[in-house]
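Work through the exercises below with the sequence and the model at hand. Try each task before reading its solution.

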Amino acid sequence: MKRIESVNDFVIKFANVNGTGSASANNMFAKALFRMGLPVCPKNIFPSNIQGLPTWYEVRVSEKGYLGRRGGVDIALSVNPQSMAQDIKEVEEGGYFIYDDTKPLDLRLMRNDVNIIGIPLTRICNEEYTDPRQRQLFKNVIYVGALAALLDMDFKVLTDLVKDQFKGKEKLILPNIHALELGHQYVKANLECPIGIRVKTSDQVGDKILLDGNTALGLGAIYGGATVAAWYPITPSTSVVDAYEKYVRRVRIDPGTGEKNYAIVQAEDELSAIGMVIGASWNGARAFTATSGPGISLMSEFLGLAYFAEIPTVLIDVQRAGPSTGMPTRTQQSDVLSAAYASHGDTKQVLLFPATPKECFDFGAMSFDLAERLQTPIIIMTDLDLGMNDNMSEPLEWDDNRAYDRGKVMTAEQLEEGVEFGRYLDVDGDAICYRTYPGAHPKRGAFFTRGTSRDEYAVYTERGEEYEKNMLRLMRKWDTIKEYVPEPEVVTAAEKTDVAVLYYGTSEESSRESLDFLAEEGVHLDAMRVRAFPFNDDVKAFIENHKQVFVIEQNRDAQLRTLLMAEFEFGPDKLKSVLCFDGTPISARNISKQIKQHLNGGEVQPLHRTKIAGQAGE
Amino acid sequence: MSYQIPKFRHPELPVNDLGYTKADYEGSISTLCAGCGHDSISGAIVKACHELSIPPHMIAKMSGIGCSSKSPTYFLGKSHGFNSVHGRMPSVVTGAAMANRDLIYLGVSGDGDTASIGMGQFAHVARRNLNMVYIVMNNGCYGLTKGQDSATADEGSVSKKGDANVFSAIDLCSTALQMGATFVARSFSGDKDQLVPLIKAAISHRGFALIDVVSPCVTFNNNAGSTKSYEFVREHAEATGTVDFVPMQKEITTDYEPGSSHEVTLHDGSSIHLYKMSENLDPFDRTSALMNMENHRTAGDILTGLIYMDKDSRDLHDVLETSRRPLNTLDTEDLCPGNQMLKNINASLR
Ligand SMILES: Cc1ncc(C[n+]2csc(CCOP(=O)(O)OP(=O)(O)O)c2C)c(N)n1
Ligand code: SF4
């Protein structure tokens, strides 16, 4: 039978039952490989449920450093009878299916083109442990030990990891190491090791770190100087504020007085959360909230106020699959349009699209500067994939000489000197006006903030020309904004080409891999990663300079493509969609397949969805 | 449009301790209907702030949407103002107060703004005991959208259209009490003598202070059969007692009976002096306050005055243990943990 053979390059997928403690064991496995110097890309695929339903954890290992989903499964480790039929089906021909053979495999599931490996996990547990909770927990650790033998991993890396992980809870170290050994010894004694796929210590990790985007954003908020966080729980954004809270407690409590240099308020809903952020920012503090699609919908009215009244606001949107409640624990990039034009009336919101934890941190910190400099909401658009999965990333860095850009705030001294103050006066010609903080000066500088039309001195007016003047200034400000937001990144193909791809956020990693793959087949494509909306002129030029541009994104309706067409008035033929919207991160194979199909297929109907939908799940 | 009030003033207008005249606490000329109760409330706010000698710029006046919510334009012209969105003033004030605890937050809202679309935020800001004054200009109807019944319209109360309201009313004072508000009062826009000291006391109270002011809408709800009309309220108001507010500056006096159950010293040293209490009302007992209100309501009366106060109120900043220094005065050097800490974090992530 065919046997997949490879060193340091494979995809393994764990199938577990939600709530059985498998997450930490699976994580231990990925982290051990990472410590062996191997780039890993772990992804949780979990149900919107606390206990009992199937959950998966997919780890991509790639010595070449590909960090997106590849597609396909080389090894399935299945300890969930409920999903076993599906799990074995997913294994590539010649791949490996590892299961708990305490009970024999249902013969109807048997595949002859897959290497089946049984390990009696339950039996080992039952012989070793009497406590039912221990039996459940250690079963997971035992299969990690078993994998170490099957893949020829450095066992010491695992034991060191356990020691680090349970620092402070020393009682747990020995039992965990013992469980690892149980699995390891059983496999060594009873099975052929290693299998065709194995790992070798490497040096492809350097000083990189493993970090999830939400934690990176929480840290970014701290470094960006956020003192007020208001939020309402929603998956997958909750851990942003959790992380903020965890670290802010360490660094912002006055050791003498116990006083906190921050305030976290769990609001009653998203309406209130964004309201608090707006109130705090209006009053000169840096404030943020984090939410996901349903929250964005609720926050829209307030976002319009912040846009029109020009109040700095930082909002983190960790996107999940919509519409409505959709698939709360699955990933998508489908809030792009509702965020870009959030709220009624002519409104445009600034979006940032980070692609890595490092960028989450950087954009997170930068967003406060941007919000105050530009006096408008800044929405950071990440997604579940980046937010809740550990991602390999450059280490986080901060320039200690950096000071916050507090934007145009007129001080008490300036007001005292009698500098003319009109809240919406465009003094500097960049369409950004000066604001004052409440309480700044006893006699000057007070103004009325309102969502209604007003003149340059913030006085309510319904005169059409005043309204138009203001709306046109906001358009000019949009141009100014283009100069401040992160620029797109371009990767030029090895050979000259007039076809290109454009992607953003978490579509990057798999897109890059698929480009390498296509290049090997002789298909060369230039690439651009858009990092912000408004798009700057480079984005326009890039699209204009190519005959055809594939826009790769993770939603059904090609939302970024729509935005590009709307903002630049490109015709639909120019931009072709490459989409995935089944709730899992887009894979490199899926992208390659769609692009090849488009390129070979002659006439493509960009708005014809059925064809694409059929491909989405591979 | 808002019109500026002419600058000319009589030179001998009385000045307060800061040297400000009452005019320094006024705003633009009101564009509300002539006779609207909301304007009287604005007048009471001006009087209270002037008499308390509050520096006008240290007040932030915040509101939602509605005729009532427009009124901040008509008082305290030297203060920053914020008209937010319909029903969501409380969250904006919460954020603002988190950012700068040194300002006085005066929220103004309508009964539509508070009891319908903003009911959730109202309940939660009360429960969090945010240090603010929350004035509801309660006319039992929607003024700005032309007279629909609001959720505080009494059952059976007749609107201008002539229909009797078929739903039961939300009583904002009871709601606030149940939600944990630490200062609850009710008044009538036409009773300045009662309203002004209540506003002063509310400003000095540390925590959430609700004043529900019945404020007839002359245009849409001042007709016979309305229980929020001038005539009805004048006939049915029953005061808990008269309230005297004594600001901190004048505290050292001898004409108080120390320890008198009707005299309350507030956190800032000011005191409230209550006399002529209505029977059975103990304004420091939440349950008794609730019962009394309910008794008057069933009797068809409106109980006015200070209904409840918690003398030992702990506001949101106390609970969250936020720093004495306003958060909005902190900058890079106070807030940024520096690169070394990131190095440590990086090391923990390998
Ligand atoms: C989200 C939203 N819904 C509806 C409105 C329309 N609206 C404006 S004011 C108002 C009611 C105001 O009533 P109230 O708060 O009692 O104030 P009043 O005008 O009676 O003083 C409504 C429904 C709005 N501005 N926003
Ligand atoms: S409509 Fe009613 S509430 Fe509005 S301004 Fe006129 S009287 Fe006042």
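The exercises that follow deal with a predicted model and take up its pockets, helices, domains and backbone features in turn.

**Exercise 1. Describe the largest pocket: its volume, the residues closest to its centre, and the elements that line it.**

Step 1. The volume of the largest pocket is about 1,200 Å³. Its lining has 45 residues, and those closest to the centre are Ser24(A), Asn27(A), Lys31(A), Gln165(A) and Asp390(A).

Step 2. Assign the lining to elements. From chain A, at least two residues each come from helix 1 (22-35), strand 3 (40-45), helix 4 (132-150), helix 5 (155-165), helix 6 (173-190), strand 9 (209-212) and helix 8 (238-251), and chain B does likewise through helix 12 (339-348). Helix 1 of chain A gives the largest share, seven residues.

Step 3. Sort the lining by class: 22 residues are nonpolar, 12 polar and 11 charged.

Step 4. Place the lining on the domains of chain A. Domain 1 (6-198) and domain 2 (211-393) each supply at least three residues.

**Exercise 2. Compare the end-to-end length of helix 1 of chain A with the expected span, and find which of its residues are buried.**

Step 1. The helix has 14 residues, and at 1.5 Å a residue these should span 20 Å. The end C-alpha atoms are 20 Å apart, so the length agrees with the expectation.

Step 2. Count a residue as buried when its relative accessible area is under 20%. By this cut-off 10 of the 14 residues of helix 1 of chain A are buried, and the helix is mostly covered.

Step 3. The buried residues are Ser22(A), Ala25(A), Asn26(A), Met28(A), Phe29(A), Ala30(A), Lys31(A), Ala32(A), Leu33(A) and Phe34(A). Lys31(A) appears in this list and is also one of the residues closest to the centre of the largest pocket.

Step 4. Go past the end of the helix. Gly37(A), just after helix 1 of chain A, has a positive phi of about 90°.

**Exercise 3. Repeat the length check for helix 1 of chain B.**

Step 1. This helix covers residues 37-52, 16 residues in total, and reaches 23 Å from its first C-alpha to its last. That is close to the 22 Å expected at 1.5 Å a residue.

Step 2. Its buried residues include Gly37(B), His38(B), Ile41(B), Ala44(B), Ile45(B), Cys49(B) and Leu52(B).

Step 3. Just after the helix, Ser53(B) takes a positive phi of about 55°.

**Exercise 4. How many cavities of 30 Å³ or more are there, and what lines the largest cavity?**

Step 1. The count is nine cavities of 30 Å³ or more. The largest cavity holds about 150 Å³ of space.

Step 2. Of the 18 residues lining the largest cavity, Lys43(A), Leu67(A), Ala355(A), Asn391(A) and Glu509(A) are the closest to its centre.

Step 3. Two or more lining residues come from each of strand 3, helix 13 (384-388), strand 16 (390-393) and helix 16 (508-520) of chain A. Strand 3 of chain A makes the largest contribution, three residues.

Step 4. By class, the lining of the largest cavity has nine nonpolar, five polar and four charged residues.

**Exercise 5. Are Glu310(A) and Glu569(A) buried or exposed, and what is the sign of phi in each?**

Step 1. Glu310(A) lies in the loop between helix 10 (293-309) and strand 13 of chain A. Its phi is near 60°, positive in a residue other than glycine.

Step 2. Glu569(A) is in the loop between helix 18 (559-568) and strand 23 (575-579) of chain A, and has a positive phi of about 60°.

Step 3. Glu310(A) has a relative accessibility of 1% and therefore counts as buried. Glu569(A) is exposed, because its relative accessible area is 71%.

**Exercise 6. Locate the cis peptide bonds that precede Pro194(A) and Pro323(A).**

Step 1. The bond from Cys193(A) to Pro194(A) is cis, with omega near -10°. Pro194(A) lies in the loop between helix 6 and strand 8 (197-198) of chain A.

Step 2. The bond from Gly322(A) to Pro323(A) is cis as well, with omega near -5°. Pro323(A) sits in the loop between strand 13 (313-319) and helix 11 (336-340) of chain A.

Key: Residues are numbered from 1 along each chain as its sequence is written. Chains are lettered from A and ligands numbered from 1 in the order in which they are written. This is a predicted model: local features need pLDDT of at least 70, side-chain atom pairs count only at pLDDT 80 or more; totals for chains, interfaces and linings use all residues. Side-chain values use heavy atoms; hydrogens and water are left out. On a 1 Å grid over the protein atoms alone, a cavity is a set of points where a 1.4 Å probe fits but cannot get out, and a pocket is an open set with protein on both sides within 12 Å along at least five of seven lines; lining residues have an atom within 4 Å of a point. Grid points are joined across faces, edges and corners, and a volume is the space filled by probe spheres set on the points. Helices (H or I, at least four residues) and strands (E, at least two) are DSSP runs, numbered from the N terminus. Ala, Val, Leu, Ile, Met, Phe, Trp, Tyr, Cys and Pro count as nonpolar, Asp, Glu, Lys and Arg as charged, and the others, Gly among them, as polar. Domain bounds come from an automatic or database domain assignment. The expected span of a helix is 1.5 Å times one less than its number of residues. Buried means under 20% relative accessible area, exposed over 50%, partly exposed in between (1.4 Å probe, protein chains only).
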